[in-house]
Amino acid sequence: MEAAAAAAKKRRFGRSTGKGSLGSDGLDHISCLPEAILGEIISLLPTKDAARTQAVSRRWRPLWRSTPLNLDVDSLSTQERKRTMFVSRILASHPGPARRLSLPFFRLRDRYAKLDGWLRSPALADLQELDFSYDIEDEEALYPLPPSALRFAPTLRVVELRTCHFPNGMAPALHFPRLARLTLYRVTISEDTLHGLLSRCSALENLLLVGNFGIRRLRINSPFLRSLGFSASSWEGYRDANFQEVVIEDAPCLERLMPLYPNHGPATIRVIAAPKLEVLGVLSDGISQLHLGTTFFQKMIAVNLTTSIRTVKVLVLDSNGPNLDVVVDFLKCFPCLERLYVVAAQADMTFGTK
C-alpha cells in the first residue's frame, strides 16, 4: 500500500509540474539537455543563483565553473560587507573566462588595493562587458579608475563608466579593437585622453557622453559610429570646464545625433559629414549655433539655408523651444521628415541602437 501511494504521489507531482524540471514521467528533462545549452541557461541567471546550480546534481556541479562568468556584484547581497566577501570568494573559485563584470556604486574608502586585486584576477580574463562606478561620498575628490581595469581593452565590447576619474595619458597606449558601445557618465577625463581613446575604438557603434568633466570640444571621426548622445554637466562647480562644442568631422554611418539636454550645452553643434543622419534631437533654442553641412541655424532660426536636409526623418524638439512660427520655418528645412516629437523640458531620453 505504501509503495502504491508513493507511486501515485509521484505521478501527481509529475502532472502538476507540467513543463517544470520534471516531466509527466517524473524525469528531470532539463538535466538531459546538452552541456552547452545548460551553460547558456546558467549564464542568464543572477550571479548568486548561477553559483547555486552546483547543488542541483552531480552533473550540474562543474557547469558553473565551465561557464563564462557573469558577475553582477549588486545582486549578491544588500549588505556591503557580504557583497565584498562574496566577490572575493567567486573570483577565487571560478577559473574564468569572464563575460561581464558589473560593479556599480563601489564605496572606495580604504579598499582601493582590494578593488585593484579583483580586477587583476585570472577569473576576469577575456572580459567582454564592464560596468563600473563609485559611490561618491566627497564631490570635491577624484575617484581614480584603477589602471588594471584597462587591461581588458583587447576583449571589451561594452563599457559603462560612471562617477570616476579616467587616468590621463593611459588611453593613447591602449587599443580597443572590439569595443562597440561606450558610455561615460560624470567621468573626469581630459579632452586629449578622450580623443586618444576614441581614435583607438575602430569598431565603435554607440557613444553616450553625459555630464562629464574636462571636455570642452568633442571631435568625431569614426567609420562605424551609428548613435551619438551627449550633454554637458549642469553642476556649477565645473562651469569653467564645461562642454561647449561638438564637431562631427567624418561619420559615414552616423544615424542618430542626440543632444540630450540642449539647455545645458553644448552651445555649438557642427555636422560636417554625416550622410546617413536620420534622427536628430532634442533641439531647442538653447543651442546657439547648429551647422548641418552648409546650412546654419542660430537658436533654431535659419541664417544661411543653402540646402535642405533630406536625410533626417525623425526630429525631436524641446517643448520650451521657440514659438510656433519659428518652428514651422525650421521644419521647412527638413522636407523628408516622417516623425516629429515634442518632449517636456529635461525629459529622460532613451538612447540605444535603432
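Buried means under 20% relative accessible area, exposed means over 50%, and partly exposed lies in between (1.4 Å probe, protein chains only). This is a predicted model, in which local features need pLDDT of at least 70 and side-chain atom pairs count only at pLDDT 80 or more, while totals for chains, interfaces and linings use all residues. Residues are numbered from 1 along each chain as its sequence is written, and side-chain values use heavy atoms, with hydrogens and water left out.

**Exercise 1. Cysteines**

Task: Work out whether Cys 164 is buried or exposed, do the same for Cys 333, and find how many disulfides the whole structure has.

Solution:
- Start with Cys 164: its relative accessibility is 3%, so it counts as buried.
- Cys 333 comes out at 1%, so it is buried as well.
- Now for disulfides, meaning pairs of cysteine sulfur atoms within 2.5 Å. Searching the whole structure turns up zero of them.

**Exercise 2. Following the chain through parallel strands**

Task: Say in which sense strand 1 and strand 2 pair, then trace how the chain gets from one to the other.

Solution:
- A word on terms: helices (H or I, at least four residues) and strands (E, at least two) are DSSP runs, numbered from the N terminus. Two strands pair if DSSP finds at least two bridges between them.
- Strand 1 (residues 69-72) and strand 2 (residues 98-106) run parallel, joined by four bridges. Look for Leu 71, which sits opposite Leu 101 of strand 2.
- Between the two strands the chain passes through helix 5 (residues 80-93), giving a right-handed β-α-β crossover. Right-handed here means that, with the strands pointing away from the viewer, the path from the first strand over the helix to the second runs clockwise.
- Carry on to strand 3 (residues 129-134): strand 2 pairs with it in the parallel sense, over five bridges.
- The way from strand 2 to strand 3 leads through helix 6 (residues 112-119), and this β-α-β crossover is right-handed too.
- While you're at helix 6, pick out Asp 116, which has its place there. With 17% relative accessibility, it counts as buried.
- Set aside neighbours within four places in sequence, and Asp 116 is in contact (heavy atoms within 4.5 Å) with Pro 146 and Ser 148.

**Exercise 3. The two faces of helix 8**

Task: Find which residues of helix 8 (residues 324-331) are buried, and why they count as being on the same side.

Solution:
- The buried ones are Val 326, Val 327 and Phe 330.
- They cover an arc of only 100° around the axis, so they lie on the same side of helix 8. That arc is taken from the directions running from the helix axis to the C-beta atoms.
- Here's the general background: an α-helix has 3.6 residues a turn, so residues three or four places apart point the same way.
- Now flip to the face turned away from the buried side: it carries the exposed residues Leu 324 and Asp 325.
- What do the buried residues of helix 8 pack against? Strand 12 (279-283), strand 14 (295-298), strand 15 (301-304) and strand 16 (314-318).

**Exercise 4. Hairpins in an open sheet**

Task: Give the strand order of the open sheet of six strands, then look at the hairpins of strand 14.

Solution:
- The order is 7-9-11-13-14-15, and the pairing is mixed.
- Strand 7 (217-221) and strand 15 are the edges, each pairing on one side only.
- Strand 13 (residues 289-292) pairs with strand 14 in the antiparallel sense over four bridges, with His 291 opposite Phe 296.
- Their hairpin has two residues between the strands, and Gly 293 takes a positive phi near 65° there.
- Strand 14 also pairs with strand 15, antiparallel over three bridges; this time Phe 296 has Asn 304 as its bridge partner.
- That hairpin has two residues between its strands as well, and Lys 299 in the turn shows a positive phi of about 50°.
- Met 300, in the loop between strand 14 and strand 15, has a positive phi near 70° without being a glycine. At 6% relative accessible area, Met 300 is buried.

**Exercise 5. Unusual backbone spots**

Task: Locate the cis peptide bond that involves Pro 97 and the one that involves Val 282.

Solution:
- For background, most residues other than glycine have a negative phi, and most peptide bonds are trans.
- Gly 96 and Pro 97 are joined by a cis bond with omega about 0°; Pro 97 belongs to the loop between helix 5 and strand 2.
- Gly 281 and Val 282 are joined by a cis bond too, with omega about 25°, and Val 282 is in strand 12.
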